[in-house]
Amino acid sequence: VKSLAHFEKCSKLSELYLRKNEVGCLSQVHHLKGLKNLRVLWLCDNPCAEEEDYRLRVIRQLPQLTKLDHANIGDEERDAAKNAKPIPTKANAAERRNFPMRKHSHKQLGGVVLSFDFATSAMSARKSGTSNNVLYAVMALIAELDEEALSIVKTEIEQRIDSLK
């Protein structure tokens, strides 16, 4: 995952686990600002986590978080984030490109956090018999999409079916 834009319409999302991806710049976090239910975010092991004042900047942009990566957010850290001076972000050329479909997605449905790995799902479903779990995750994610996003998914599905013929 390089862009967090894929998640900005997932209004019911409460936990998002994106460790070991390719989120290159903290400016991507602005895509999550509208997710009022988001409480837990994992971005460690992404290039953006190496940026100066990473934790404070994320907490400042997403004050509703209770946990960032491996650590709970305490009052002191929250106050420091509120009172810190704005830190200029570095422009990231990768953000100006069109991004491929996301590799990982997480969604909460009925109190259960669903995890879906787009890159390995077909292979793991065939090997371990988890195709029902994959289908359940896909169906849960589809419920969050608007018409434009559903059209994109439809095109991807049609291309995938054609490649299987």
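These are my notebook entries on what I looked up in this structure, which is a predicted model.

**Entry 1: overall make-up**

I began with the secondary structure, and I counted five helices and six strands in the protein. Reading from the N terminus, I wrote down the order of the elements as β-β-α-β-β-α-β-β-α-α-α. I then looked up how much of the chain is covered, and found that buried residues make up 34% of the 165 residues. The protein exposes about 10200 Å², and I noted that carbon and sulfur atoms supply 53% of this area. For the contacts between residues at least 6 apart in sequence, I found that 61% join residues at least 24 apart.

**Entry 2: the sheet**

Next I followed the strands, and I found an open sheet of four strands in the order β1-β2-β3-β4, in which the pairing is mixed. Strands β1 (15–17) and β4 (71–72) stand at the edges, and because each has a single partner strand, one side of each is left without a neighbour in the sheet. As a reminder to myself, strands of a sheet pair through backbone hydrogen bonds, and they do this either parallel or antiparallel. I looked more carefully at β2 (residues 40–42) and β3 (residues 67–68), which run parallel and are joined by two bridges. Across this pair, L41 stands opposite L68 in β3.

**Entry 3: the core and helix α1**

Which residues have the most contacts inside the largest nonpolar core? I found that this core has 25 residues, and that L32, L41 and V58 have the most contacts inside it. The largest share of the core, three residues, comes from helix α1 (residues 54–61). I kept in mind that nonpolar side chains tend to be buried together in soluble globular proteins.

I then took L32 by itself and, setting aside its neighbours within four places in sequence, I listed its contacts as L4, F7, L16, L38, L41, L62 and Q64. L41 is thus in this list as well as in the sheet position opposite L68.

Turning to helix α1, I noted Y54, R55, R57, V58 and I59 as its buried residues. These buried residues pack against the strands β2, β3 and β4, and also against helix α2 (75–83).

**Entry 4: two polar residues, Q28 and E8**

Is Q28, in the loop between β1 and β2, buried or exposed? I found a relative accessible area of 4% for Q28, and since buried means under 20%, Q28 is buried. I looked for polar partners of Q28 and found that its side chain and that of S3 are joined by a polar contact of 3.1 Å. The side chain of Q28 also reaches the backbone nitrogen of L4, at 2.7 Å.

E8, in the segment before β1, has a relative accessibility of 36% and therefore counts as partly exposed. I noted that E8 and H31 are 23 residues apart in sequence, while their C-alpha atoms are 5.2 Å apart in space. Their side chains make a polar contact with each other at 3.2 Å. Leaving aside neighbours within four places in sequence, I found E8 in contact with H31 and L35.

**Entry 5: positive phi at two aspartates**

I checked the backbone angles with a general point in mind, that most residues other than glycine have a negative phi. D53 is not a glycine and yet has a positive phi of about 55 degrees, and I placed D53 in the loop between β2 and α1. I also noted D69, in the loop between β3 and β4, where phi is near 55 degrees, again a positive value in a residue other than glycine.

How do I class the exposure of each? D53 is partly exposed, with a relative accessible area of 35%, whereas D69 counts as buried at 3% relative accessibility.

**Entry 6: cysteines**

How many disulfides does the structure hold? I found zero. I looked at C44, which is in no disulfide, and noted that the nearest cysteine sulfur, that of C48, is 9.7 Å away. Since a disulfide needs the two sulfur atoms within 2.5 Å, C44 and C48 do not form one. C44 counts as buried at 16% relative accessibility, and C10 is also buried, with a relative accessible area of 7%.

Definitions and conventions:
Residues are numbered from 1 along each chain as its sequence is written. This is a predicted model: local features need pLDDT of at least 70, side-chain atom pairs count only at pLDDT 80 or more; totals for chains, interfaces and linings use all residues. Side-chain values use heavy atoms; hydrogens and water are left out. Buried means under 20% relative accessible area, exposed over 50%, partly exposed in between (1.4 Å probe, protein chains only). Two strands pair if DSSP finds at least two bridges between them. A polar contact is a pair of N or O atoms within 3.5 Å; within protein, one must be able to donate a hydrogen and the other to accept it, and residues adjacent in sequence count only if both atoms are side-chain atoms. Contact means heavy atoms within 4.5 Å. Accessible areas come from the Shrake-Rupley method with a 1.4 Å probe; for residues, only the protein chains shown count as cover. A nonpolar core is a set of buried Ala, Val, Leu, Ile, Met, Phe, Trp, Tyr and Cys residues joined through side-chain atoms within 4.5 Å.
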